[in-house]
Amino acid sequence: MVIIKDGRAITDEWLHLDDEAAIPPSGQVTVSLLRWHAERTALMARPDPVGLRLEAGDAPDTIADDLQRFPLIVLSFATMADGRLFSLARLLRERFGFAGELRARGDFIVDQIFFLSRVGVDTFEPTEDISPEAVGQAITTFSVLYQAATDEKHPLYRRARR
Amino acid sequence: MYQYDEFDQRIVDERVRQFRDQTARFLAGQLTEDQFRPLRLMNGLYLQRHAPMLRVAIPYGLLSTRQLRMLAHIARTYDRGYGHFTTRQNVQYNWPELNRVPDILADLASVQMHAIQTSGNCIRNVTSDPIAGVAADELEDPRPYCEIIRQWSTFHPEFSYLPRKFKIAVTGAEQDRAAVQVHDIGLRLVRNEAGEVGFAVLVGGGLGRTPIIGETTRPFLAKRDLLSYLEAILRVYNRFGRRDNKYKARIKILLKETGVAAFTTQVEQEWQQIKDHLVLDDTEIERVKAHFTEPPYETLPAELPGAVAQRTESDPAFAAWFRHNTFAHKVPGYRIVFLSLKPPKVPPGDLDHRQMDAIAELADRFSFGEIRVTHNQNMIFADVRASELHALWTELREWGVATPNINKATDIICCPGLDFCSLANASSIPIAEEIYSRLDNFDYLYDLGDLRINISGCMNGCGHHTVGHIGILGVDKKGEEWYQLTLGGSSANEAALGERLGPAIAKPDVADAVTTILKTYVELRAPDESFLQTVRRIGITPFQEQVYGHH
């Protein structure tokens with residue numbers, strides 16, 4: 001799967017562990033929220049970083065105190081129509097101050113990248129392969145942004161002379 | 001009316017480019033139907049029974065004559081010469097070709113129009129009082145707030161993939177002509193005890209399969225907090241609204257299942273976190289308000305000019321139109337004129353391109369170049385000099401838009417139904433025509449007084465049947481068209497959902513049943529009592545006895 005970050009394709013340096021898979025003694029891994037809650041101590045005892053995978057229904061409140069430990073949070077799109085992850089992304093960034101990599105992964109399409117980048121997603125791993133150019137174009141689909149969101153602190157009426 | 005600045009224009013231009021690319025990718029097989037669906041829907045494009053249907057936004061129902069001429073041009077160039085004005089103040093084209101839709105959008109963008117978010121699971125066209133700005137009972141013009149909400153909701157990055165569609169209506173008047181109680185969010189401009197003007201906020205109203213009257217979550221919201229409070233509601237809905245069943249996905253179900261108090265608390269908690277970060281500035285309100293200034297009214301005497309008054313004596317046809325299709329204006333010497341899009345033998349809300357051009361021409365001459373589209377599927381010239389009423393009437397009549405039936409039993413709201421819509425279970429336009437044909441006697445029509453008959457071809461309820469004084473809902477029974485009647489619904493101040501009359505009625509008997517209901521009303525009404533008042537006083541039993549007793 002192609003992953004695009006900062007305008008270029010990157011290789012995945014993370015092992016995305018299924019809930020059933022054994023935790024390797026070392027190496028970067030991501031785990032589900034469920035597993036993080038269940039095996040937090042063991043995961044924290046490892047020498048290498050742990051990332052988190054969130055699904056649409058996950059509540060960020062329960063991990064607010066842990067967020068800064070994660071260099072990576074993966075938002076797992078089960079279906080492109082499920083917009084809950086857009087709210088989740090904003091909450092992670094704006095309410096809980098998550099500053100690490102926020103990666104959208106799974107069933108979403110290039111036309112949603114504009115919205116995703118506005119709510120704080122910075123890395124894109126859609127099911128269908130995509131080029132860095134296409135991601136760049138998608139992010140800049142619209143040059144005017146009416147609303148405040150993660151990317152713009154203020155609405156257009158505060159930013160522009162109208 | 002609101003004029004786009006460079007920012008607004010750039011957005012619609014860029015949208016055209018984006019949709020041209022999306023359509024090309026779909027036609028080239030690079031997007032699957034499943035992938036293209038949400039994209040085209042957010043541009044108001046349905047794939048229907050015969051051809052695609054394109055729904056164009058008319059924000060809060062306001063059109064300039066330049067825009068109406070463009071709608072005529074589109075009907076002529078890309079469609080079969082006509083358009084259908086809807087219950088949500090939009091216009092629909094039933095016959096465009098998919099590959100030409102990007103060109104239609106480009107034409108629309110050239111007159112500051114678009115089809116953005118006219119469908120799909122996102123925030124839809126904001127609707128309002130069709131006589132906003134000229135209504136005598138108005139606290140404040142709601143349209144600047146509609147425009148502010150339009151901009152806030154356009155391509156909102158967080159709320160473009162909601163559980164389901166989301167409709168917002170705003171009114172500034174005492175009489176609710178925007179049906180705010182049956183919207184996902186209804187906003188009513190109100191004054192609080194301190195004398196400040198803000199909004200009463202209703203949430204969770206709606207029609208469709210589960211019709212519900214909205215609940216007040218905040219009796220008073222300061223203007224500065226409008227957008228942050230909307231954002232709090234939408235965030236709670238986006239996160240917690242049901243996505244497992246599309247028929248239970250509207251915010252009204254979330255509100256019902258959560259409970260009004262718990263939902264209100266949830267919204268309140270979310271709002272407290274964001275209210276100081278998203279403030280609607282006074283300067284922005286003033287900027288938008290400056291677009292909704294009054295036209296240059298003349299100082300005129302309040303009484304009807306002698307020549308016109310005399311016509312109302314000597315010409316019964318003009319008198320009927322004057323009485324039923326024109327309404328008091330807040331400025332002396334002016335009248336609000338309704339154009340009826342409900343003549344006999346025409347689907348309610350349809351206009352052909354010649355009529356659109358003619359109406360634009362007349363609006364330029366008689367009403368400062370603006371037209372309003374109502375959610376009852378009619379049009380309005382808001383600012384007509386009383387002295388010119390007869391001249392205007394003469395021309396409107398020629399174009400078939402002066403049928404004197406506003407708010408009467410033949411002013412029927414009707415969805416396109418089985419003849420056009422792929423969702424419909426039953427036809428609706430033929431039912432409307434059949435009922436209409438029984439009401440060709442104007443004396444009888446006027447004797448019946450104000451009466452709203454609403455017809456939907458399926459329980460999605462685009463014809464707003466649940467809030468019709470008489471509601472008619474088409475249902476499918478083993479491949480046959482049957483109709484469920486309700487009585488006593490209303491979307492005005494005393495909003496109510498109609499009560500079911502009884503078992504569904506076969507298609508050939510529907511017009512008879514309606515005729516019987518009307519006859520029963522005439523027999524049982526008290527002096528000066530409207531149909532709705534009679535139904536509320538005596539209940540539906542006497543109507544049931546008459547309708548079902550005969551069958």
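Helices here are DSSP runs of H or I with at least four residues, numbered from the N terminus. With that convention, α3(A) makes the greatest contribution to the lining of the second largest pocket, supplying 4 residues. The model is predicted. This briefing covers the overall form of chain B, the enclosed helix α4(B), the second largest pocket and the two largest cavities, of which the structure holds 9 at 30 Å³ or more.

**Chain B as a whole**

- Chain B contains 18 helices and 21 strands. Its radius of gyration is 23 Å, close to the 24 Å that the globule rule gives for 551 residues, so chain B is as compact as a globular protein of that length.
- The C-alpha trace of chain B extends over about 60 × 60 × 55 Å along its principal axes.
- Of the 551 residues in chain B, 64% are buried.
- When contacts in chain B between residues at least 6 apart in sequence are considered, 68% connect residues at least 24 apart.
- Chain B has an accessible surface of about 20400 Å², and carbon and sulfur atoms account for 50% of this area.

**The enclosed helix α4(B)**

- Helix α4 of chain B, residues 101-109, has 7 of its 9 residues buried, that is, under 20% relative accessible area, and it is therefore largely enclosed by the rest of the structure.
- The buried positions in α4(B) are V101(B), P102(B), I104(B), L105(B), D107(B), L108(B) and A109(B).
- The cover over these buried residues of α4(B) includes the helices α1 (6-27) and α3 (65-78) of chain B, as well as the strands β1 (45-47) and β2 (52-56) of chain B.

**The second largest pocket**

- The second largest pocket encloses about 420 Å³ of space.
- Its lining comprises 16 residues, and those nearest the centre of the pocket are R90(A), E94(A), K153(A), I274(B) and H277(B).
- Both chains take part in this lining: α3 (84-95) of chain A, and α6 (226-240) and α8 (260-274) of chain B, each supply at least two residues.
- By class, the lining of the second largest pocket consists of 7 charged, 5 nonpolar and 4 polar residues.

**The largest cavity**

- The volume of the largest cavity is about 150 Å³. It is lined by 15 residues, of which M1(B), Y4(B), P59(B), Q67(B) and Q112(B) are the closest to its centre.
- Two elements of chain B, β3 (62-64) and α5 (143-153), give two or more residues to the lining of the largest cavity.
- This lining divides into 10 nonpolar, 3 polar and 2 charged residues.

**The second largest cavity**

- The second largest cavity has a volume of about 110 Å³. Among its 14 lining residues, Y146(A), P155(A), Y157(A), W152(B) and L227(B) lie nearest the centre.
- Two or more residues of this lining come from each of α6 (156-159) of chain A and α5 of chain B.
- Helix α5(B) provides the largest share of the lining of the second largest cavity, with 4 residues.
- The lining of the second largest cavity is made up of 9 nonpolar, 3 charged and 2 polar residues.

Terms used
Residues are numbered from 1 along each chain as its sequence is written. Chains are lettered from A and ligands numbered from 1 in the order in which they are written. This is a predicted model: local features need pLDDT of at least 70, side-chain atom pairs count only at pLDDT 80 or more; totals for chains, interfaces and linings use all residues. Side-chain values use heavy atoms; hydrogens and water are left out. On a 1 Å grid over the protein atoms alone, a cavity is a set of points where a 1.4 Å probe fits but cannot get out, and a pocket is an open set with protein on both sides within 12 Å along at least five of seven lines; lining residues have an atom within 4 Å of a point. Grid points are joined across faces, edges and corners, and a volume is the space filled by probe spheres set on the points. Ala, Val, Leu, Ile, Met, Phe, Trp, Tyr, Cys and Pro count as nonpolar, Asp, Glu, Lys and Arg as charged, and the others, Gly among them, as polar. The radius of gyration is taken over C-alpha atoms; the globule rule is 2.2 Å times the number of residues to the power 0.38. Buried means under 20% relative accessible area, exposed over 50%, partly exposed in between (1.4 Å probe, protein chains only). Contact means heavy atoms within 4.5 Å. Accessible areas come from the Shrake-Rupley method with a 1.4 Å probe; for residues, only the protein chains shown count as cover.
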